[in-house]
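Q: Please take a close look at a single part of this structure and describe its surroundings in connected prose. A reader new to the structure should be able to follow the account from beginning to end.

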Amino acid sequence: MELNKRYIVDLSQAQSPADIVFELSNIIEKPEAANQKIWLKLGDVSLNQSQLLSIQSLISSINSTLSLVESQSQQTELAAATLGICTKDVEEEIEKELEANTPEAPLNTENEQPTEQYIPMTDHIDNIETDDTSSEEEKIAEENETDLTETISDSKNTEDSHEEEIKDKNIENKTETKPEETEKEPVWIQPSNQNTEDTDTIQEEEIQEQLDSIFDSETKLENILSDDKDINEMKNWPLTKEAEEFEIPEEVMTDEDYEILQMHTQYHKQTVRSGQVIQSNGNVVIIGDCHPGCEIHAAGDITVWGVLGGIAHAGCKGNTKARIRALNLNAIQLRIADSYARRPDHIKNTFVEKSNVFTPEEARNINGSIVILKIND
Amino acid sequence: MTGRVIVITSGKGGVGKTTTSANIGTALAKNGSSVVLVDTDIGLRNLDLLLGLENRIVYTLVDVVEERCKLKQALVKDKKNPNLCLLAAAQTRDKSAVTADQLKEITEQLQEDFDYVLVDCPAGIEEGFKTAISGATEAIVVTTPEMSAVRDADRIIGLLEAKDEIKSYKLLVNRVRPNMVESNDMMSVDDVVDILSCELIGVIPEDTGIITSTNKGEPIVNDENSMAGKAYINVAKRIMGEDIPLLDINEPKGFAAFIAKIKKIFGAKG
């Protein structure tokens with residue numbers, strides 16, 4: 001639809017910004033105002049930039065553009081200029097046009113007769129029906145998209161074809177949704193469409209994160225519960241010296257290792273204190289100390305650039321290849337997948353666990369036992 | 001078997017509720033009773049630390065309440081005494097995670113398997129306190145010979161009296177310094193009992209060994225030389241129904257004091 005038609009709105013009689021918005025909302029409901037270049041005639045009322053922006057977005061909600069503003073107020077003109085709206089005298093402009101072109105239609109009236117751009121009502125209804133279905137498809141497509149980004153195992157070919165489909169649908173939607181918006185009730189003050197979309201996606205992300213954390217806590221407990229272990233039979237974790245008795249298998253990259261590599265990583269630059277919990281569907285890196293009484297649960301690896309003193313649960317969704325690394329590994333408990341071990345009783349809580357002497361260590365799950373190895377080895 | 005549910009409470013913080021719970025629990029278990037300690041101080045748990053069981057906790061009271069595990073799975077056995085079990089509080093939650101009815105249900109289940117269920121109450125008189133006393137039929141009110149602690153204990157006794165389920169409540173005076181009582185710088189035990197008009201179950205002298213035992217994660221009743229340890233053992237025996245006179249906590253004087261000091265020096269080194 002080409003926007004070659006202008007539509008003049010004379011609001012020079014308005015006394016306040018509220019009057020302008022009220023009159024404008026009445027005009028916007030008229031079908032002939034849609035898909036037009038709107039020329040706005042304002043009187044003495046001075047509008048600031050945000051008020052003008054909301055008027056602009058009001059007009060853009062019916063697929064029209066605010067292309068010219070005439071005002072007696074300097075503030076309004078300044079605001080219009082900063083928004084990139086032409087500020088000229090409406091009548092002068094009309095005269096100029098009349099001189100340049102052959103006269104097309106009578107101008108300078110609100111009750112301008114609709115021309116060939118007028119969209120009959122029947123078309124509207126058709127459009128709305130298709131739009132409804134397409135918007136549903138869009139939602140489904142969006143869901144598919146998010147699903148696809150989360151699932152890793154799917155082959156790339158199918159992903160590509162899906163993405164192409166989604167793109168096609170999006171293009172269709174963009175072309176079709178325009179007429180539908182003309183039927184929408186005018187919203188009084190509304191930020192521009194792009195902004196609303198952004199906030200929506202941010203909210204969706206937040207909700208998704210919350211869901212993830214809930215999901216985490218449930219799966220974490222399922223993993224431990226499934227074994228129905230007696231916690232009084234929990235064993236100490238073997239120390240680096242004692243670890244010699246364990247045959248450490250050669251490092252071969254398995255699917256589980258690749259899974260960890262592909263997970264997203266959360267960075268925390270903080271001291272994790274007693275009672276605080278960090279949960280993640282991916283890897284966790286903490287720049288700081290983790291005090292006794294804190295809990296860290298991650299589906300992937302846990303890396304602590306500092307002293308690890310609390311409870312760390314790596315691979316809490318069952319990945320046995322997950323590892324826990326720390327500059328000073330003094331955790332109360334270490335859990336990897338469904339194996340868990342406690343700190344030996346002879347290692348006492350020293351009064352000050354923080355020291356400048358660090359021995360970076362790594363905890364691994366070797367055949368169901370948690371073994372701690374020096375990272376240098 | 002129906003065990004006794006005893007809540008250990010004080011109102012004021014820092015008077016030794018948790019220390020008392022750990023020591024009485026250990027002493028009762030040493031005497032052959034089966035004991036479970038329930039920590040209801042959710043979010044600020046310490047009982048596990050005093051017993052040295054911090055590294056063994058996997059499930060907590062909140063996990064039991066929210067049905068993520070069975071009650072038996074959450075009971076942590078003591079390192080030395082298999083008669084003693086701990087039901088730890090969650091550190092990552094707060095008091096609202098467990099309601100009074102839920103705790104009552106748990107203590108009723110524990111009563112069937114244990115002779116004594118000792119509930120360690122959080123400080124304050126709010127939600128946490130109401131939850132902790134919900135399942136109890138007996139109470140031990142811990143106080144120190146300080147005016148503030150005595151006032152708070154008085155308030156607590158009033159609240160306990162208002163609760164019909166609690167049949168008896170007894171007073172435990174903690175951190176008594178005989179020297180200061182003698183020089184009239186500290187209220188005597190008799191003064192405290194007079195003010196509160198409450199039956200006394202024990203007097204625990206101030207003992208620096210408590211601090212080291214807390215840091216080690218070993219209750220002081222395991223130390224045979226400690227006065228506080230002896231006093232706690234006596235309290236446990238009184239709970240079991242034995243009639244034992246109050247321990248003479250006054251420090252010996254004159255020649256006896258000299259001998260005691262020598263003994264202490266050699267005892268500490270040997």
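**A close look at strand 6 of chain B**

A: In this predicted model, strand 6 of chain B, spanning residues 138-143, is mostly covered, with six of its six residues buried. The cover extends to both faces of the strand. On one side B:Glu138, B:Ile140 and B:Val142 are buried, and on the other side B:Ala139, B:Val141 and B:Thr143 are buried as well.

The strand has pairing partners to consider next. Strands of a sheet pair through backbone hydrogen bonds, in either a parallel or an antiparallel sense. Strand 1 of chain B, residues 4-9, pairs with strand 6 of chain B in the parallel sense, over four bridges. Within this pairing, B:Ala139 of strand 6 has B:Val7 opposite it. Strand 6 of chain B also runs parallel to strand 7 of chain B, residues 168-176, and six bridges join the two. Here B:Val142 stands opposite B:Leu172, a residue of strand 7 of chain B. The residues named in these two pairings can be placed on the faces described above: B:Ala139 belongs to one side and B:Val142 to the other, and both are buried.

The connection from strand 6 to strand 7 completes the picture. Together with helix 7 of chain B, residues 147-161, strand 6 and strand 7 of chain B make a β-α-β unit, and this unit is right-handed.

For context, chain A offers another example of parallel pairing. Six strands of chain A form an open sheet in the order 6-8-10-12-15-16, with mixed pairing. Its edge strands are strand 6 (265-268) and strand 16 (369-374) of chain A, each of which pairs on one side only. On average, neighbouring strands of this sheet are turned by 25° against each other, direction ignored. Strand 6 of chain A runs parallel to strand 8 of chain A, residues 283-287, and four bridges join them. In that pairing A:Thr265 has A:Asn283 of strand 8 of chain A opposite it.

Two strands of the chain A sheet are also linked through side chains. A:Arg325 forms a salt bridge with A:Glu362, and their closest N and O atoms are 2.8 Å apart. Because A:Arg325 lies in strand 12 of chain A and A:Glu362 in strand 15 of chain A, the pair ties together parts that are 37 residues apart in sequence. A:Glu362 counts as buried, at 8% relative accessibility, whereas A:Arg325 is partly exposed, with a relative accessible area of 22%.

How values were computed
Residues are numbered from 1 along each chain as its sequence is written. Chains are lettered from A and ligands numbered from 1 in the order in which they are written. This is a predicted model: local features need pLDDT of at least 70, side-chain atom pairs count only at pLDDT 80 or more; totals for chains, interfaces and linings use all residues. Side-chain values use heavy atoms; hydrogens and water are left out. Buried means under 20% relative accessible area, exposed over 50%, partly exposed in between (1.4 Å probe, protein chains only). Two strands pair if DSSP finds at least two bridges between them. A crossover is right-handed if, with the strands pointing away from the viewer, the path from the first strand over the helix to the second runs clockwise. Axes are lines fitted to C-alpha atoms, for helices over the stretch in contact, and angles run from 0 to 180 degrees between N-to-C directions. A salt bridge is a side-chain nitrogen of Lys or Arg within 4 Å of a carboxyl oxygen of Asp or Glu.
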